[in-house]
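Here is a friendly walk through one protein model, with a small sheet, a helix and some enclosed spaces as the stops. Please keep the viewer open as you read.

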Amino acid sequence: MMNKLIVTSVAAALLGSAAMAQDVVRLGTEGAYEPYNFIDDKGEIAGFEREVGDELCARAELTCTWSIFDWDGMIPNLVSGNFDVIIAGMSITEERKEVIDFSDNYTQPDPSSFMAMGDVDLSNAVIAAQVGTVHASYVTSMAGATLLEFATADETISAVRNGEADAVLADKAFLEPIDSEGGDLSFVGDDVLIGGGIGLGVRQSDTALRDTFSAAIQSMKDDGSLNALITKWLPGSATF
């Protein structure tokens, strides 16, 4: 699936970057992590990161396209050149920076939360998390806890409901709509802060592309438009 944002021209400042030598900058997202990114009723990519990405491309005078990739293949597909920029709720971590580079963050470090069906002793629980995420890494650091990984965030929720896992760890913004339903799942334990906020992932060689997007992110911070989108899509999350 690909939806195109056509803007005026590629900024001259980007010349010399491998990605920017192309006709377009290809944005890759998961499309399965509401409210950050998801597929709407019209079959189009939507959410917080769709609006942020479109605005960043417009400010940077880039021609951008959007496409969907599985989460666990996001970094390998970026590195192999199948697209140019990860915009998929990816937290900035030192481990990931060994393989790819990141723009400045466009969200603050956001709380991650545990959710379960009733009271759970998290110190010796089986905890579901999406594969390749900071949440999975965090669970492995919890003495006594057992990690159960799944390909998608929705599968982690199902694992708790069907008894495969005792609890799930994920971004609080992702879990809050489930909690507000007042159903079988609710928050347990304390929130945790993981990672350095969310940024755009780029190949380590694409320094000009990284810097151009970082400048556009800073301009959105400066004029308050990024805070407005955070408030719209991620209510309760820290702003800049």
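## A small sheet, a helix and the cavities

Strand E4 (residues 37-39) pairs with E5 in the antiparallel sense, over 2 bridges. Strands here are DSSP runs of at least two residues (E) and helices are runs of at least four (H or I), numbered from the N terminus; two strands pair if DSSP finds at least two bridges between them. Isoleucine 39 stands opposite isoleucine 45 in E5. The open sheet has 3 strands in the order E3-E4-E5, with antiparallel pairing. Its edge strands are E3 (32-33) and E5 (45-46), each pairing on one side only.

Before going further, note that this is a predicted model: local features need pLDDT of at least 70 and side-chain atom pairs count only at pLDDT 80 or more, while totals for chains, interfaces and linings use all residues. Residues are numbered from 1 along each chain as its sequence is written, and side-chain values use heavy atoms, with hydrogens and water left out.

Next comes helix H7 (residues 207-223). Its 17 residues reach 25 Å from the first C-alpha to the last, close to the 24 Å expected at 1.5 Å a residue (1.5 Å times one less than the number of residues). Buried residues of H7 (under 20% relative accessible area, 1.4 Å probe, protein chains only) include Phe213, Ile217 and Met220. Among the elements that cover the buried residues of H7 are helix H1 (48-59), strand E8 (101-105) and helix H8 (225-233), with contact meaning heavy atoms within 4.5 Å. H7 is followed by glycine 224, whose phi is positive, near 85 degrees.

What about enclosed space? A cavity is a set of points on a 1 Å grid over the protein atoms alone where a 1.4 Å probe fits but cannot get out, and lining residues have an atom within 4 Å of a point. The count comes to 3 cavities of 30 Å³ or more. Two of them are set out here.

| Cavity | Volume | Lining residues closest to the centre |
|---|---|---|
| Largest | about 160 Å³ | Tyr33, Gln130, Thr133, His135 and Asp171 |
| Second largest | about 80 Å³ | Ser91, Asp110, Asp171, Ile194 and Ile198 |

Which element gives the largest share of the lining of the largest cavity? The answer is E12, with 4 residues. The lining of the largest cavity divides into 10 nonpolar, 6 polar and 3 charged residues, and that of the second largest cavity has 5 nonpolar, 6 polar and 2 charged.

Technical notes
Buried means under 20% relative accessible area, exposed over 50%, partly exposed in between (1.4 Å probe, protein chains only). On a 1 Å grid over the protein atoms alone, a cavity is a set of points where a 1.4 Å probe fits but cannot get out, and a pocket is an open set with protein on both sides within 12 Å along at least five of seven lines; lining residues have an atom within 4 Å of a point. Grid points are joined across faces, edges and corners, and a volume is the space filled by probe spheres set on the points. Ala, Val, Leu, Ile, Met, Phe, Trp, Tyr, Cys and Pro count as nonpolar, Asp, Glu, Lys and Arg as charged, and the others, Gly among them, as polar.
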